[in-house]
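The following exercises concern a predicted model. Each task is followed by a solution in steps.

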Amino acid sequence: MRFLGISIFLILFTFAFANEDFNTHRPLIVEFFENSEPHLKRTLHLECTSWRFAVEANNLSPWKIIPQECADYVRQYITGGAYKMEIDRVSTEAGAFAESMKLGEDGKDVWIFDVDETLLSNLPYYSQHGYGLEVFDSVEFDKWVEKGEAPAIGSSLKLYQDVMRLGFKVFLLTGRSERHRIVTVENLMNAGFQDWDKLILRGSEDHGKSATIYKSEKRNEMVEEGLRIVGNSGDQWSDLLGSSASIRSFKLPNPMYYIP
């Protein structure tokens, strides 16, 4: 059988080059491997990894849904352990930074947390909506929010507790509407988050503003009150960029949606 395999290979190779110019034609055997299913799958995996890296590095233009061809890739990334591993790493680094900071004695050092995909996970919702494959539906998402069932992100809960223990003031700055205050408070407390100093939600005057502008304005108010923003954790760049930025910001991964 071994000699038969070698013979077939030689026939293919000879056929590919018979009566052809060696410098202008590619071997048939190479074409076979480059068009094989494993090669195409690997190429798609690399392309989707490149797309996700661009998302996390904030190098993409505003986008509304994940690429159709990357649907399986994103689902596997979210459910296969890599997503949790990367979130845990961010929280570990944030915790080490928090431990390294010498806080003032005036109690004015603040750590800001976003809520969705930072403290609370909406994966039960997004798992039913293609992990970002569908255009965001605010009505359907509000129905999910109003259930108050979003679970805690484990490593974020630990970071939250560590920051509290170290003596930081904890401000929760979310894009959720003020009308969802009660259910958000109940959800957070049921998930294990307790004793924050302030929960800031979008008031009527904030609707229509981009998240970057809205959150910058709220941070400006903190600074004007004499507070020092030491750390900031969020899953969107709009949680972290803009004016009155923290000394150090920590971006949690999120390939499912983009908020400007």
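**Exercise 1.** Identify the exposed residues on the face of helix 5 turned away from its buried side, and determine which residues of helix 5 are buried.

*Solution.* Step 1. The face of helix 5 turned away from its buried side carries Met85, Arg89, Thr92 and Ser100, which are exposed.
Step 2. The buried residues of helix 5 are Tyr83, Ile87, Val90, Ser91, Ala94, Gly95, Phe97 and Ala98.
Step 3. These buried residues cover an arc of only 160 degrees around the axis, and therefore they lie on the same side of helix 5.

**Exercise 2.** Compare the expected span of helix 5 with the distance between its end C-alpha atoms.

*Solution.* Step 1. Helix 5 comprises 19 residues, residues 82–100.
Step 2. At 1.5 Å a residue, helix 5 should span 27 Å. The expected span is taken as 1.5 Å times one less than the number of residues.
Step 3. The end C-alpha atoms of helix 5 are 27 Å apart, which agrees with the expected span.

**Exercise 3.** State how many cavities of 30 Å³ or more the whole structure holds, and explain where the largest cavity lies with respect to domain 1 and domain 2.

*Solution.* Step 1. The search of the whole structure finds 2 cavities of 30 Å³ or more.
Step 2. The largest cavity holds about 70 Å³ of space. Its lining consists of Val55, Glu56, Trp63, Asp235, Gln236, Trp237, Lys251, Asn254, Tyr257 and Tyr258.
Step 3. By class, the lining of the largest cavity has 5 nonpolar, 2 polar and 3 charged residues.
Step 4. Because domain 1 (2–78) and domain 2 (81–251) both give residues to this lining, the largest cavity lies between them.
Step 5. The second largest cavity has a volume of about 30 Å³. Val55, Asn58, Asn59, Leu60, Trp63 and Tyr258 line the second largest cavity, and the classes are 4 nonpolar, 2 polar and no charged residues.

**Exercise 4.** Describe the lining of the largest pocket and that of the second largest pocket.

*Solution.* Step 1. The volume of the largest pocket is about 830 Å³. Of its 31 lining residues, Phe136, Phe141, Gly175, Arg202 and Ile259 are the closest to its centre.
Step 2. Two or more lining residues of the largest pocket come from each of helix 7 (138–145), strand 2 (169–177), helix 10 (211–224) and helix 11 (237–240).
Step 3. The lining of the largest pocket divides into 12 nonpolar, 9 polar and 10 charged residues.
Step 4. For the second largest pocket, the volume is about 210 Å³. Lys41, Leu44, His45, Cys48, Gln68, Glu69, Ala71, Asp72, Tyr73 and Gln76 form its lining.
Step 5. Helix 3 (37–56) and helix 4 (71–79) each supply at least two residues of that lining, which by class has 4 nonpolar, 3 polar and 3 charged residues.

**Exercise 5.** Locate asparagine 58 and aspartate 195, and state the phi of asparagine 58 and of aspartate 195.

*Solution.* Step 1. Asparagine 58 lies in the loop between helix 3 and helix 4. Although not a glycine, asparagine 58 has a positive phi of about 60 degrees.
Step 2. With a relative accessible area of 30%, asparagine 58 is partly exposed.
Step 3. Aspartate 195 is placed in the loop between helix 9 (181–190) and strand 3 (198–202). Aspartate 195, also not a glycine, has a positive phi of about 65 degrees.
Step 4. Aspartate 195 has 61% relative accessibility and so counts as exposed, the cut-off being over 50%.

Methods:
Residues numbered from 1 in each chain as written. Predicted model: local features only at pLDDT ≥ 70, side-chain atom pairs only at ≥ 80, totals over all residues. Heavy atoms only, no water. 1 Å grid on protein atoms, 1.4 Å probe; cavity = no way out; pocket = protein on both sides within 12 Å on 5 of 7 lines; lining within 4 Å. Points joined across faces, edges and corners; volume = space filled by probe spheres on them. Nonpolar A, V, L, I, M, F, W, Y, C, P; charged D, E, K, R; others polar. Domains from an automatic or database assignment. Helix = DSSP H or I, 4+ residues; strand = E, 2+ residues; numbered from the N terminus. Buried < 20%, exposed > 50% of the residue type's maximum accessible area, 1.4 Å probe, protein only. Arc of directions from axis to C-beta.
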